[in-house]
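Welcome! Below are a few exercises to help you find your way around a new structure, each with a worked solution. Take a look at the model, then try each task before reading on.

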Amino acid sequence: MEVKLANDKREREMYDSFAELYAIIKTTEKLEKAYIRDVISSSAYETECQKLIAHFKTLASTLKDTIPSIERFAETYKMDCPAAINRLVTSGVPATVEHRAAAAASMTSSASAVAECTQNFITAMDSLKLNMVAVDQVHPLLSDLLTSLGKLTFLPPDFLGKVKLKEWIARLSKMGAADELTEQQSRQLHFDLESSYNSFMAALPNYGT
C-alpha cells in the first residue's frame, strides 16, 4: 500500500525542501567533525563549507515562513548537530575564515599595543629631559608604561622593563607627591628606561618571527 506524504505539488515541494535542509545540516555536521579531526585540508573544507552555507542561506530564506527556527527544526527531527547549527546559523562563515579574522584582529591589537608602549617610553624619557621630576609627574607616566607593557603577551613576566618599572613605582610610592627625584635618581631612571626601551625594541623582531 502506497503512503502519500503530500496532497499536492506545493506540499510535496515543501517536504522535498525539508529533506534538503535536513541533508545540508547533517552534511555540515560531518564536514565540521572532519575538519576538527584533520581528516580534510583547510582549503577543501573551506570550499565545501562555503557551498553548504550558501545553499543553506538560500533554502532557509525560502522556508522562513514554514520554518522560522532552524534550531527548532533540528530539535524536532532529533538531529543532534550542534557544530552544524553553529556554523550555518550562528557563524555563517567557515571556521577557516573565522580563524583568519581572529589572527588579523590579534595582529592589529598587538600593533596598537606596541605603538602605545613606544609612545609611553618616549614620553617618560622626554619628561625627565624636561626636568619633570616630581613624584606626581613621574609616577603616572611609569604606571601607564607598565600597563601598556602588560598588554603585550609576547613579553615574559621577567622582562627587564617590567622589573625595573615595578621597582621604580614601588620606590616612588613611598615618597610624597611633591617630592622630587635627585639628579642622580633622575639620571638612573632615564638610563633604566632607555635600557628597557632598547630591550623592548630588540624583542619585536623575535615576536614577528
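**Exercise 1.** Find what percentage of the 209 residues of the protein count as buried.

*Solution.* Start with the cut-off: a residue is buried when its relative accessible area is under 20%. In this predicted model, 36% of the 209 residues fall into that class. Next, turn to the surface: the protein exposes about 13,000 Å², and carbon and sulfur atoms supply 54% of that area.

**Exercise 2.** List the elements of the protein from the N terminus on, then work out whether the protein is spread out or compact next to the globule rule.

*Solution.* Step one is to count: there are eight helices and zero strands. Step two is the order, which reads α-α-α-α-α-α-α-α from the N terminus. Step three compares two values: the radius of gyration is 30 Å, while the globule rule gives 17 Å for 209 residues. The first value is well over the second, so the protein is more spread out than a compact globule. As a last step, look at the spans of the C-alpha trace along its principal axes, about 100 × 35 × 25 Å.

**Exercise 3.** Decide whether Gly92 is buried or exposed, and name the residues it touches.

*Solution.* First locate Gly92: it sits in the loop between α4 and α5. Its relative accessible area is 13%. Buried means under 20%, so Gly92 is buried. Now look for its contacts, leaving out residues up to four places away in sequence: Gly92 touches Ile53, Lys57, Asn86 and Arg87. Finally, try a distance: Cys117 is 25 residues from Gly92 in sequence, and their C-alpha atoms are 36 Å apart in space.

**Exercise 4.** Place Gln50 in its helix and classify its accessibility.

*Solution.* Gln50 belongs to helix α2, which covers residues 42-62. Its relative accessibility is 41%. Partly exposed covers the range between the 20% and 50% cut-offs, so Gln50 counts as partly exposed. For a distance check, Gln50 and Lys33 are 17 residues apart in sequence and 16 Å apart from C-alpha to C-alpha.

**Exercise 5.** Find which helix has the lowest mean pLDDT and which the highest.

*Solution.* Begin with the whole protein: the average pLDDT is 87, and 91% of the residues score at least 70. Then go through the elements: helix α5 (residues 95-129) has the lowest mean, 83, and helix α4 (residues 82-91) has the highest, 93. A good habit to keep: where pLDDT is low, predicted coordinates should not be read in detail.

Technical notes:
Residues are numbered from 1 along each chain as its sequence is written. This is a predicted model: local features need pLDDT of at least 70, side-chain atom pairs count only at pLDDT 80 or more; totals for chains, interfaces and linings use all residues. Side-chain values use heavy atoms; hydrogens and water are left out. Helices (H or I, at least four residues) and strands (E, at least two) are DSSP runs, numbered from the N terminus. The radius of gyration is taken over C-alpha atoms; the globule rule is 2.2 Å times the number of residues to the power 0.38. Buried means under 20% relative accessible area, exposed over 50%, partly exposed in between (1.4 Å probe, protein chains only). Accessible areas come from the Shrake-Rupley method with a 1.4 Å probe; for residues, only the protein chains shown count as cover. pLDDT is the predictor's confidence in each residue, from 0 to 100. Contact means heavy atoms within 4.5 Å.
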